[in-house]
Amino acid sequence: MKILAVTDIQKLIQILSLENFFKRAVAALEEDFGRWHEFILSPRHGTYYPDGVIELMPCADQQHYAFKYVNGYPGNPLKGKLNVVAIGVLSDAESGYPVMISEMTFLTAFRTAAAGVLAAKYLARADSKSLAIIGTGAQAEFQVLAFSGFFQLEEVRFFDIDPQAMVKFSQNMIGQKFSLIPCNSIVEAVRDADIIITATAAKKRQSLFEADDIASGTYIYAMGGDSPGKTELSAEFLKRTKLVVEYKPQTLVEGEVQQCGADLIYAELWELVCKNKPGRQDDQEITLFDSVGFALEDYSILRVVYELAKEYQLGTEADLIPELNDPKNLFSILGP
Ligand SMILES: NC(=O)c1ccc[n+]([C@@H]2O[C@H](COP(=O)([O-])OP(=O)(O)OC[C@H]3O[C@@H](n4cnc5c(N)ncnc54)[C@H](O)[C@@H]3O)[C@@H](O)[C@H]2O)c1
C-alpha cells in the first residue's frame, strides 16, 4: 500500500507546476460532479468539541471508496498549530483493500480552491478581473492561485484582522501577474470586486459584509463558514443571492443556509455541471457558492493523486496490510 507524505505532494507540484495541478484537480472535480448519481453519498460525521470539530468524510463509487479525517480548530493558530489538518484513505472497492494513505492537509487546500473555481465556471462572470479575499490564513494563497489560473485577474484585494497574516500573504504572492492591494477594512476590499472569497475562521456567527457593500454581478465563494454556529454572511444577505451548495443534507446543517433553510437554495453544484439548471443568467446577479467541503471533492483529489503517484513513482510502499500465501493463515505471520 502506498503512503503519500507531504514531501511527495511537494515533489508532485514541482513536477507538474501548481497551475497544471489545479487544472487536473478542477477537471477531476467536474468529471466526478458530472456523474453524481454513480456515487454513494452521505453527510460527514462530525464530533464537536468546545474548541472545534473532528470530521470523517466518506464517499464511494464502484471503483473506489475514499474517506478523509479532518479537523477544524479556529483557535489552533494562536497555539502554533494549523486550524485544518487532514489525512485520507483510498481503497479498491472490488476487494475492500486500502491502496493509499495520503496526507490531506495540502490536498484539502487544493481541492477546496479547485471546487471554488469549478463553481465559478458556472457562477462568475467570465470577464472577472478583480478578486477580493477576506481571511488570509492557511487556505488563502491556494485559493487565489487557483482562481488566477482560470480568470485574467488584474488585482487581488485582501483583508485579515491579523496584520501578520496579511504580511505573510503578500510575501507569498510576490511576483504574481496581478497587483496586490492590502485593504484597511472588509468593505474596502470587497467594494468593486468581481469575485469575493470569504476564508475566515471564527467559531461564531459573523456578518462580513452586506449586499449594499458589494457590486452587482459579483460571485462569492463562501468557504469559511462550515460548521453549526460558524457562519460568515447574514441571513438577509443570503436572500439577495442565487445560492448554490454542494449537498443539501450536509449544507443545511453546516453552511450559511443553516440560518434560513432549504427554500433559499437554488441548486446543488452537480445540477449546474450536468446542465440540469443554468448557472449565472445575467451580469447583474449576485451568485454565491455556500461551500462547507464535501467528501466527493476529497474522493476526486485522492483518485487523481493516486494516478499521478503511480505515474511518477511517488510515495513509499508500506506493509500495513498482511500479504499471505494462504489468506486463511493469518497466524503464519507470527511464525511457526
Ligand atoms: N469549505 C471547505 O471545503 C473548507 C476547506 C478548508 C477550510 N475551510 C474553512 O476555511 C476557513 C479558513 O481556513 P484556514 O485554514 O485558512 O484558517 P486559518 O485559521 O489559517 O485562517 C483564517 C484567517 O481568518 C482570519 N479572520 C477571522 N475572522 C476574520 C474577520 N472577521 N475578518 C477578516 N479576517 C478574519 C484570521 O485572522 C485568520 O488569519 C476555516 O473556517 C476553515 O474551517 C473550509
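The ligand lies between domain 1 (2–106 + 296–323) and domain 2 (117–293), because both domains give residues to the shell around it. The model is predicted.

**The ligand shell**

There are 30 residues around the ligand. Gly135, Gly137, Gln139, Ala201 and Gly293 come nearest. By class, the shell holds 14 nonpolar, 13 polar and three charged residues.

**The two domains**

The domain assignment splits the protein chain into domain 1 (2–106 + 296–323) and domain 2 (117–293). Taken over C-alpha atoms, their centres are separated by 23 Å. Across the boundary, 21 residues of domain 1 are in contact with 21 residues of domain 2. On the domain 1 side, helix α2 (residues 18–33) gives the largest share, eight residues. The residues on this side of domain 1 divide into 13 nonpolar, three polar and five charged.

The table sets out the two groups by class.

| Group | Nonpolar | Polar | Charged |
|---|---|---|---|
| Shell around the ligand | 14 residues | 13 residues | three residues |
| Side of domain 1 that touches domain 2 | 13 residues | three residues | five residues |

**A strand pair**

Strand β2 spans residues 45–49. How many of its five residues are buried? The count is zero, and β2 is hardly covered. Strand β3 covers residues 52–60 and pairs with β2 in the antiparallel sense. Five bridges link the two strands. Within this pairing, Thr47 stands opposite Ile54 in β3. The connection from β2 to β3 is a hairpin through two residues.

Note on methods. Residues numbered from 1 in each chain as written. Predicted model: local features only at pLDDT ≥ 70, side-chain atom pairs only at ≥ 80, totals over all residues. Near = placed C-beta within 6 Å. Nonpolar A, V, L, I, M, F, W, Y, C, P; charged D, E, K, R; others polar. Domains from an automatic or database assignment. Buried ≥ 20, exposed ≤ 12 C-beta atoms within 10 Å, placed from the backbone. Helix = DSSP H or I, 4+ residues; strand = E, 2+ residues; numbered from the N terminus. Pairing = 2+ DSSP bridges. Contact = placed C-beta atoms within 7 Å.
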